[in-house]
Amino acid sequence: MTKKLLSFLPIVLLLLCLGCGGQGRQRQSKAPEGENLMTRAKLLHLSERGDGTFDVEIASPWDSTRPLQRLRLVPEGVNVEPVEGVTTLQIPLRRSLVYSGVHTALITELGADSAIGGICDRAYITQPTLQQRLAEGTLTDCGNSSAPTTERIMALSPDAILLSPYENATDHSTLARLGTVVVECADYMEPTPLGRAEWMRFYGLLYGRRAEADSLWEATREAYDRLSTIARGSSERPRVLLDRLYQGVWYLPGRASLWDVYLTDAGAENPVARLGDAAVLNLSAEQVIANAADADFWLIRYYQNTPLTREQLAAEHPAYSRIKAFGDGKVYGVNTSVTPIYEETPFHPQLLLAELVGLFHPSQVSRVSHAVAPRETMEQRDSTDAPTLPDNQSRYFSILK
């Protein structure tokens with residue numbers, strides 16, 4: 001499979017998986033005990049116990065009758081009795097295997113990258129410190145996340161493996177035989193941007209960076225909420241079309257998708273949302289033109305060695321030139337081969353929202369810049385890994401020429 005195809009698959013897989021949530025068994029599992037420290041996350045319940053430990057319950061996005069995982073996080077030096085059905089995990093982690101570049105980026109930003117002992121999918125690890133360790137041989141490359149190299153994992157002997165679960169692919173018996181705790185990172189299945197971002201508080205606990213993660217979360221939440229308030233105050237609601245045809249199918253967000261939330265919070269309208277409640281809509285070019293030809297903006301995520309152009313779009317399919325945004329010169333693209341939108345926005349959704357609000361409501365640009373600026377904390381000012389929004393510049397999308 002080519003890297004180009006791999007770059008497209010996360011978009012489709014994310015939408016498809018979101019579309020499956022809540023469509024299986026309907027009987028609810030017993031609610032977890034303890035006050036939930038999470039305020040926006042729907043799939044994560046985190047409670048603090050009086051003995052200094054933490055109980056974690058991760059809900060299954062596919063089966064509401066039972067949780068995906070139960071963990072008890074135990075600080076060093078604390079002894080607890082085992083509980084049936086609950087996996088004990090000592091924190092902070094010292095030598096973890098992290099499958100996804102999204103999570104290595106967050107862990108690095110929190111200042112805990114030294115606790116990453118191994119990674120998967122090397123091509124998607126973009127953090128300079130981790131790239132240097134890979135080159136030096138002090139960071140274990142465990143191969144492809146879909147089929148990691150067992151021998152390298154055994155040699156690494158990680159204290160935990162962080163991976164993203166998928167429906168009908170949550171049997172980690174092979175990894176379990178290695179005696180390593182598998183942490184189910186289901187954050188990507190959260191139905192809202194802030195819901196996913198709040199998982200940083202859980203990851204902060206895992207790596208002994210609770211204060212840093214909580215501070216980062218508060219700044220992220222406050223900035224995102226300020227931006228959505230600014231957008232709601234605008235009287236205009238531009239219609240926004242996403243992406244383009246892929247092998248004859250136009251995958252677009254339905255009402256249950258993360259991008260539909262982004263567009264709503266940015267004061268825009270998803271022109272195809274009315275076509276279905278699913279997270280992903282598989283449409284033909286004819287269906288898109290019938291429902292979204294009047295789109296005011298067209299945002300395209302793509303992966304290629306050279307910038308996408310309007311000329312290239314026009315040559316790809318005759319339907320593209322019939323879209324209003326194409327004729328108005330309001331087609332914007334983000335080249336994911338060089339722009340870290342997938343690495344940054346899961347835990348910094350305010351950066352993407354700020355760009356969307358500024359793009360759709362240009363009269364609010366100064367207020368957008370002010371809303372995002374307060375997110376930077378003292379710890380992050382000292383970190384070159386903390387993403388920021390350039391003044392009066394686009395971080396992700398640029399207009400196609």
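**A tour from helix α8 outward**

Begin by selecting helix α8 in this predicted model, where Ala213, Leu216, Trp217, Ala219, Thr220, Ala223, Tyr224, Leu227, Ser228, Ile230 and Ala231 are buried. The helix covers residues 210-232, and its 23 residues reach 33 Å from the first C-alpha to the last, close to the 33 Å expected at 1.5 Å a residue.

Staying in α8, select Glu218 and Arg221, which form a salt bridge with their closest N and O atoms 2.7 Å apart. These two residues lie three apart in the helix, about one turn, and Glu218 is partly exposed, with a relative accessible area of 32%. If you then add Arg40, Glu222 and Asp225 to the selection, you will have a network of salt bridges that links them with Glu218 and Arg221.

Next, select Asp243 and Arg301, another salt-bridged pair, whose closest N and O atoms are 2.5 Å apart. This pair links distant parts of the chain, since Asp243 sits in the loop between β10 and β11 while Arg301 belongs to strand β13, 58 residues apart. Both Asp243 and Arg301 are buried.

Now turn to the largest nonpolar core, which has 103 residues, and select Leu162, Leu206 and Trp298, the residues with the most contacts inside it. Helix α14, residues 349-360, gives the most to this core, with eight residues. Apart from this core lies another, of 10 residues, among them Cys120, Leu156, Ile161 and Leu175.

To finish, centre the view on Leu162 and, leaving aside its neighbours within four places in sequence, look for its contacts, including Leu93, Tyr99, Val183, Cys185 and Leu206.

Note on methods
Residues are numbered from 1 along each chain as its sequence is written. This is a predicted model: local features need pLDDT of at least 70, side-chain atom pairs count only at pLDDT 80 or more; totals for chains, interfaces and linings use all residues. Side-chain values use heavy atoms; hydrogens and water are left out. Helices (H or I, at least four residues) and strands (E, at least two) are DSSP runs, numbered from the N terminus. The expected span of a helix is 1.5 Å times one less than its number of residues. Buried means under 20% relative accessible area, exposed over 50%, partly exposed in between (1.4 Å probe, protein chains only). A nonpolar core is a set of buried Ala, Val, Leu, Ile, Met, Phe, Trp, Tyr and Cys residues joined through side-chain atoms within 4.5 Å. Contact means heavy atoms within 4.5 Å. A salt bridge is a side-chain nitrogen of Lys or Arg within 4 Å of a carboxyl oxygen of Asp or Glu.
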